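These are my notebook entries on a structure of two chains that I was asked to examine. I set down what I looked up, one topic at a time.

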Amino acid sequence: MNDLQYVYAVARIRVKEKSLLTDADVRSMAAMKDEKEILAFLADRGWGNSDPGQTGDEMLAAEDEKTMALMKELKVDPKIFDVLAYPNLYHNLKAAIKETCTTDAPQHLYYAVDGYGEEQMRRIVSEKDWAALPEHMREAAAQAMDVMLTVHDGQRCDVIVDRACLDACEAAGQKSKNRLLREYEESTVAVTDIKIAVRAQKTGKSLAFLKEALAPCRSLDVRLLAAAASKDEASLMDYLEDHGFREAAEALKESPSAFERWCDNRVIDTIMPQKTNSISAGPIVAFYLARQNEIKTVRIILTAKSNGFTEDDIRERVRKMYG
Amino acid sequence: MSMGMVFALMGAALATALPGVGSAWGVGIAGQAAAGVVSEDPDQFAKVLLLQLLPGTQGIYGLLVTFITLSQIGILGGNPVTDTATGMLYLFACLPIAIVGLISAYHQGRTSVASIGLVAKKPDQFGKAMLFPAMVETYAILALLISILAVTGI
């Protein structure tokens, strides 16, 4: 589909963007007294279904479905959403491998992914039918399964699958003709690498672990990042400050939640230029990502409210909005 | 028929054809955007319709120049063109609106799409949204004036 064919869809999205939550809406929700008040506020904005007694999870699931239905209706190139679904796809693989290789009762949650949902992924993994998986998953799936069966190392299994996911995202982004997808995947991989490096540094992981976990990408030198993270916190901070991630270092100094917020905001910044783009699939993909960000933010607020977090605690955790 | 007449008719044809193509493209793409907005917010119909129509003016300007030309070269009136040099003069006189009409309609169509997006998000900014594509119109009007002056001056 060429860019000009998205003109109708982008115009529809422009009207829909008016209903996105703004930073002011998020601040209002953070100041509300309980989960019930937030749900009522969102229901007034058209969120969820018509059931007045719906729970927060039901409301968010309904919003997710609405977004996916809109994307299908707008006939966006399905390849774009296939790439955006990679994290969910790899998550399902991890869940199925762990479920198959352990005797514990199944408790892994699966995402709804076309062709690779709960039942399909369980069958593929239990029969080791790797050929049924997309090509970019096969090697990692076999390797992760082998690790779980031979040494029962769940963490190593996670590292193998997560690294394969990042490599697949980076490769798909580079191959894509869609500029937004290229930039989004690049930003996602870079931010995830930084997250991994920060966590590995805090838990004292080895250089070998970091080399295995970090995925090469265009905006990071992962060898230097791994070396810095395996040394000490000061080296990691220096690396971030010297390589264009000063804000990440500052957020890390502030608090772990400020760092998590920086990670998500950095990805949202990638889609912001789509607000002025009229003729391409970019604004539609940006709207989809903005909706995912909204749902994630509302989930954070609802969880924080039900656990008695203060307004300031919540504000520290909420993300920048696209709307 | 003389070669002069052939050139003059070619000019008249280009004056209608090229801006017509540009306007059809511009109005078409702006129409797609307008339909997208109206499908979500029918109240914006009148505003987006005006924005859709803006790239259509170049086709009308081209038609006007063609009528004036035809009325001078013996088709709808005037004297038939008998020499090649006069025919070439009519052809060149028609080119400003033919070329500028095509290009400006294309760009005005794209600008109208952007303005329709602006109205979709902020309907109260309609006045400003109208100005952006209207700016492109300036150059089509300049070309129209030159073509009319040139054709009538031959």
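What percentage of the 154 residues of chain B count as buried? I found that 51% of them do. I note at the outset that the model is predicted.

**Entry 1: chain B**

I looked up the secondary structure of chain B and found five helices and zero strands. Read from the N terminus, its elements follow the order α-α-α-α-α. I then took the extent along the principal axes, and the C-alpha atoms of chain B fill a box of roughly 60 × 20 × 20 Å. I also looked at contacts in chain B with a separation of 6 or more, and 84% of them come from residues 24 or more positions apart.

**Entry 2: chain A as a whole**

Chain A has 17 helices and zero strands. Its C-alpha trace spans about 55 × 45 × 45 Å along the principal axes. I checked the radius of gyration as well: chain A has 20 Å, which agrees with the value near 20 Å that a compact globule of 323 residues would have. Of the 323 residues, 42% count as buried. Among the contacts in chain A with a separation of 6 or more, I noted that 61% are due to residues 24 or more positions apart.

I next looked up the domains of chain A. Domain 1 comprises 1–77 + 280–323, domain 2 covers 81–177, and domain 3 covers 190–275. Between domain 1 and domain 2 of chain A, the C-alpha centres lie 28 Å apart.

**Entry 3: helix α1 of chain A and the contact between the chains**

I asked how many of the eleven residues of helix α1 (residues 7–17) of chain A are buried. The count is nine, and the helix is mostly covered. The buried residues include A:V7, A:A9 and A:V10, and also the charged-type names A:R12, A:R14 and A:K16. I then looked for what covers them, and the cover includes α16 (282–306) of chain A as well as α1 (3–40) and α4 (84–121) of chain B.

For the contact between the chains, I recorded 14 residues from chain A and 16 residues from chain B. On the side of chain A that touches chain B, eight residues are nonpolar, one is polar and five are charged.

**Entry 4: the nonpolar cores**

Which residues of the largest nonpolar core touch the most other members? This core has 100 residues, and the ones I sought are A:A144, A:A197, A:I284, B:V37 and B:I116. Helix α10 (residues 179–202) of chain A gives the largest share of this core, with eleven residues. Another core, of 28 residues, lies apart from it and has B:I68, B:L102, B:A105 and B:A140 among its members.

I followed A:A197 further. Not counting residues up to four places away in sequence, A:A197 touches A:L210, A:L214, A:L225, A:A229 and A:L236. Two of these names, A:L225 and A:A229, returned when I listed the buried residues of helix α12 (residues 222–231) of chain A, along with A:V222, A:A226, A:A228 and A:S230. The buried residues of α12 pack against α10, α11 (207–213) and α13 (233–242) of chain A.

**Entry 5: A:Y184**

I found A:Y184 in helix α10 of chain A. Is A:Y184 buried or exposed? It counts as buried, because it has 24 C-beta neighbours inside 10 Å and the cut-off is 20 or more. Leaving aside neighbours within four places in sequence, A:Y184 is in contact with A:T270, A:I271 and A:L289. I also compared its position with that of A:Y110: the two are 74 residues apart in sequence and 24 Å apart in space, C-alpha to C-alpha.

**Entry 6: two positive phi values**

Most residues other than glycine have a negative phi, so I looked for exceptions. A:K75 has a phi near 55 degrees, a positive value, and is not a glycine. A:K75 lies in the loop between α4 (56–73) and α5 (78–84) of chain A. With 14 other C-beta atoms within 10 Å, A:K75 is partly exposed.

A:H152 also has a positive phi, of about 50 degrees, although it is not a glycine. I located A:H152 in the loop between α8 (135–150) and α9 (154–175) of chain A. A:H152 counts as exposed, because it has 11 C-beta neighbours inside 10 Å and the limit for exposed is 12 or fewer.

Notes:
Residues numbered from 1 in each chain as written. Chains lettered and ligands numbered in written order. Predicted model: local features only at pLDDT ≥ 70, side-chain atom pairs only at ≥ 80, totals over all residues. Helix = DSSP H or I, 4+ residues; strand = E, 2+ residues; numbered from the N terminus. Rg over C-alpha atoms; globule rule 2.2 N^0.38 Å. Contact = placed C-beta atoms within 7 Å. Domains from an automatic or database assignment. Core = buried A, V, L, I, M, F, W, Y, C linked by C-beta atoms within 7 Å.
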